[in-house]
Amino acid sequence: MYALADCNNFFVSCERVFNPSLNGKPVVVLSGNDGCVIARSNEAKALGIPMGCPAFQVKNYTNPANVIMLSGRHIVYRDLSNRIMRIIGEVALNLEVYSVDEAFFALPFDDNEQNHKLLTSLVKKIQQYVGVPVSIGFAPTRTLAKIASHVAKKDKNNVERVKGLTDADEINLVLNRIKIDDVWGIGRKLNAKLLSCGIDTAGKFIMLPKSYLQRIGNINLVRTQQELKGVDCISINPVDIAHKSIMNSRTFGHVINKKQEIADAIISFAQSCAAQLRQEGSAALTITVYIRGDHFRQDLPFYSNSCSVRMPSHTASAMELAKHALIALNNIYRDNFYYRKAGVMVTDIISNDQLQLDIFNGENDVRQAKLMSAIDNINNRYGKKQIVLAPTLSRGEWAPLQNHFATLSKTLHFYTGMYPRYICDYKPIVQRDEDEEKKHQ
């Protein structure tokens, strides 16, 4: 028996954890550079604001003064997600984190009533410990569990926010009500094909012959149908698979024509790529840098280019990647142009088990590896950016445009590890006491 835990309106719910005054109000969270809506509260959905709506078009759906728009704080969302996954992992078997707000897991009991009680207490525990509402559905397959979770979330009368789909008659009843585009695994193109044939519900979909599904889709579509019939045939690998390439990029908050500003951004992106390489226990041989102007600025000349540099040996050193990234930038940068986006990508990635030291530079490679390991240990213990390359200390003009931050919380903000990370202007208790004494004096 599988279950799917799905956080309700996750980004908005995270903001409400730190600012309870947002409860009951229409709230939307915006993407990078405050571009478009990526999360909506139920109140915002009721106003008709669609997902992906450009921020400047929100006023077309309602009075802008009634809608609270917030810039995304993804570090906060990731931390709360990790806390939720740890709580689920305490009772779940084979936890499979599907996304930042969803996770599949196997249930420990064969009895459906026991599983329902366990999941009900789990929902309450997450609400109490983290403050984020979660809906959980359970069923014989992952696809049915996702539908059950969807039903639990939409049913306002289900105060427990837990739904089980275990009875065959009930499953058929629910599938006949579920729209085909709400089925996990049915994408936009497949949805259009199925709708053109009159297949608008999951109940009609499971009646289609296998040969037809293979003709319009592939084996995954057949597996989706089997899952809806209660046959477990889709798995999710709970182990992170090492990437063949890693990219870090950003659209700047403003167009930039200063080479040093772009160089600082490139160094930051290279540093992030290096950190992910080390996290995966791998190293890269080739680094690619690209820069791009703004397509929408008709008053500015447009320029876009990229350059790849092959390094002397595979490395995950932030300093080595940054050095060669700057070499690539120097090859493509042109004066008198304005740039709006840049990025760094590393390729030719191998695991550390396959590394071969450079015969002429092996000692330096060992020193770099030890240095990076020490930096990672410090950053993991005391905070993500305690030790960074100097140009990345200030993001300057290349930082994303975020003008809708909520009032920052001054409470402790924990990672899921054992070490706290402090945000905003939090002060240790001793220092706060000293400041209070000075005020009274």
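This passage describes the overall make-up of the chain, its nonpolar cores and the packing of one helix. The model is predicted, with local features requiring pLDDT of at least 70 and side-chain atom pairs counted only at pLDDT 80 or more, whereas totals for chains, interfaces and linings use all residues. Residues are numbered from 1 along each chain as its sequence is written, and side-chain values use heavy atoms, without hydrogens and water.

The chain holds 14 helices and 15 strands, taken as DSSP runs (H or I, at least four residues, for helices; E, at least two, for strands) and numbered from the N terminus. Of its 441 residues, 44% are buried, that is, under 20% relative accessible area with a 1.4 Å probe, protein chains only.

The largest nonpolar core (buried Ala, Val, Leu, Ile, Met, Phe, Trp, Tyr and Cys residues joined through side-chain atoms within 4.5 Å) comprises 39 residues, of which I266, I291 and V346 touch the most other members. At least two residues each come from several elements, among them strand 9 (246-256), strand 10 (282-292) and helix 13 (362-382), while helix 11 gives the most, with ten residues. A separate core of 33 residues includes Y77, I87, A103 and V123.

In helix 10 (residues 219-228), the buried residues are L221, V222, T224, Q225, E227 and L228. These buried residues pack, by contact of heavy atoms within 4.5 Å, against helix 5 (142-154), helix 6 (168-175), helix 7 (188-196), helix 8 (202-205) and helix 9 (210-216). Just after helix 10, G230 adopts a positive phi of about 95 degrees.

Conventions
Buried < 20%, exposed > 50% of the residue type's maximum accessible area, 1.4 Å probe, protein only.
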